[in-house]
Amino acid sequence: MVDEVIAMLDDDSSLNLGIGIPTLVAERIPSRKNIWIHSENGVLGVSGRPTEESVSPTLINAGKETISVKPGASYFDSSTSFGMIRGGHIDVCVLGGMQVDAEGSLANWMIPGKKVTGMGGAMDLVHGAKMIIVMLTHFSKKGDVKLLHRCTLPLTGKKVVHKIVTDLGVFTPMGDKFRIDKLADGVTRGQLGLAEEWIL
Amino acid sequence: MKSKVYENAAAALFDLQDDISLMSGGFGLCGVPENSIKEIRRQGIKGIHAISNNIGNSGRGLAWLLKERQISAATCSYVGGNPDLEEQMLAGEIDVTLVPQGTFSERIRAAGVGVRGFYTPAGYGTLVAEGKEERHFDVPCIFELPLSADFAIIKAEKGDSFGNLWFKETARNFSPLMAMAGKVTVVEVEELVELGDIQPENVHVAGVFVQRIYQGKDYENAIEIPKFAEK
């Protein structure tokens with residue numbers, strides 16, 4: 001999954017990574033690609049993890065994890081940070097998800113009656129970046145497929161997703177159907193848990 | 001010049017009352033006004049409407065007030081990692097309004113800079129849009145109103161007697177916006193410096209937005225999720 005996302009990133013591009021699975025991308029990006037990682041709590045130029053000597057309680061990412069920054073990094077307030085996103089200045093945004101559908105709608109902030117984490121920055125993040133990638137496991141722990149014709153959970157954004165990367169493949173939401181861009185090694189259409197009429 | 005400098009948190013927060021709205025800076029546990037929050041806990045103010053991104057985290061920050069049942073309403077963007085808030089929310093003891101984080105910061109900024117509202121695509125087509133005016137520009141948007149508060153409590157790394165502030169690393173987050181939006185903004189600093197010590201071009205918040213300032217003490221500056229490079 002991580003390699004598929006990294007392959008979509010142009011050299012020197014800017015990238016926002018959501019909390020959860022997308023943070024795995026940060027740890028695997030080759031430095032030669034010179035990606036500028038943005039974290040919405042107010043930093044551009046996130047680098048690797050700090051050492052125990054260099055760690056700072058005032059230097060964290062949006063997942064509240066300690067980070068370091070690279071030369072050329074900058075800090076700013078939350079309004080400027082979301083201005084970068086909403087204003088279209090960030091190239092790619094990678095978010096996790098509970099459900100994503102053929103229309104490109106995403107649900108990732110609440111399960112009515114069961115769990116509410118809040119949307120955090122996700123509802124803003126899905127508007128503005130030039131490419132919105134949702135990265136998620138294809139099936140839930142209970143075995144339910146997370147790619148649906150239409151989401152059943154409350155939405156984070158409507159018709160906002162450009163690419164979907166799961167452990168089984170890469171998909172593009174086309175409106176009424178998913179296009180299969182790529183299947184992981186050894187995976188067949190029949191294993192996707194998608195009705196044939198939802199696949200282009 | 002009438003001094004804005006107060007001796008400590010108790011002196012600076014002399015006029016709080018029950019049922020106030022209260023903005024508090026900080027993202028998770030980063031940049032949290034610890035001294036002011038502890039003073040509010042000591043005073044036992046009740047019925048607070050707290051406006052803060054997380055309303056505390058991992059039992060700290062504003063969670064100190066949650067534990068004492070001093071907060072009756074909360075406006076925030078994220079409740080994950082805050083078991084005190086989640087428990088009171090599920091029990092119906094606290095009225096929580098969730099706002100998308102970018103909208104949250106922009107509503108606070110709007111209040112501080114005199115903008116009466118704005119249209120944003122964030123939240124369009126979701127529960128957040130319910131009951132709000134929609135308007136189609138290049139994309140569909142919803143109308144959002146400013147968000148102000150009776151008091152804003154924030155923490156800065158350095159500040160001077162006029163209230164000019166400088167923040168360290170990502171501790172800035174919502175604090176400059178809240179400083180503008182609070183009717184009374186009370187700042188605590190790691191280091192109270194002389195006028196002129198913060199170079200004009202390095203001032204993150206101009207003193208005109210700040211009403212009171214004091215030297216803080218005994219900071220915990222806790223790290224919520226420590227992660228280190230592999231050796």
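Start by selecting the contact between the two chains: chain B brings 44 residues to it and chain A brings 40 residues, two residues being in contact if their C-beta atoms, placed from the backbone, lie within 7 Å. On the side of chain B that touches chain A, the elements giving two or more residues are α5 and α6 of chain B. Here helices (H or I, at least four residues) and strands (E, at least two) are DSSP runs, numbered from the N terminus. Colour α5(B), which gives the most to that side, with 6 residues. By class, the side of chain B that touches chain A holds 22 nonpolar, 15 polar and 7 charged residues. In this count Ala, Val, Leu, Ile, Met, Phe, Trp, Tyr, Cys and Pro are nonpolar, Asp, Glu, Lys and Arg are charged, and the others, Gly among them, are polar.

A word on what you are looking at: this is a predicted model, where local features need pLDDT of at least 70 and side-chain atom pairs count only at pLDDT 80 or more, while totals for chains, interfaces and linings use all residues. Residues are numbered from 1 along each chain as its sequence is written, and chains are lettered from A and ligands numbered from 1 in the order in which they are written.

**Chain B as a whole**

Now show chain B alone, with its 6 helices and 12 strands. Its radius of gyration, taken over C-alpha atoms, is 18 Å, close to the 17 Å that the globule rule (2.2 Å times the number of residues to the power 0.38) gives for 231 residues, so chain B is as compact as a globular protein of that length. The C-alpha trace of chain B spans about 50 × 50 × 40 Å along its principal axes. Of its 231 residues, 52% count as buried, meaning that 20 or more other C-beta atoms, placed from the backbone, lie within 10 Å of a residue's own.

**Strands of chain B**

Next, select residues 149–159 and 182–192 of chain B. These are strands β9 and β11, which pair in the parallel sense over 9 bridges; strands pair if DSSP finds at least two bridges between them. Zoom in on B:Ala156, whose bridge partner in β11(B) is B:Val189. Then add strand β12 (residues 212–215) of chain B, which runs parallel to β11(B) and is joined to it by 4 bridges. Here B:Val187 stands opposite B:Ile213 of β12(B).

**A helix in chain A**

Move to helix α3 (residues 78–86) of chain A. Is it enclosed or open? Since 7 of its 9 residues are buried, α3(A) is largely enclosed by the rest of the structure. Among the buried ones are A:Phe82, A:Met84 and A:Ile85. Their cover includes β1 (14–17), β2 (36–39) and α4 (122–125) of chain A, together with α5 (101–113), β6 (118–120) and α6 (175–181) of chain B. Just after the helix comes A:Gly88, with a positive phi near 80°.

**The nonpolar core**

Finish with the largest nonpolar core, a set of buried Ala, Val, Leu, Ile, Met, Phe, Trp, Tyr and Cys residues joined through C-beta atoms within 7 Å. Of its 117 residues, those touching the most other members include A:Val94, A:Leu106, B:Ala152 and B:Met178. The largest share of this core, 6 residues, comes from β9(B). Select A:Val94 last: leaving aside neighbours within four places in sequence, its contacts include A:Val5, A:Leu17, A:Pro22 and A:Met135.

Notes
Buried ≥ 20, exposed ≤ 12 C-beta atoms within 10 Å, placed from the backbone.
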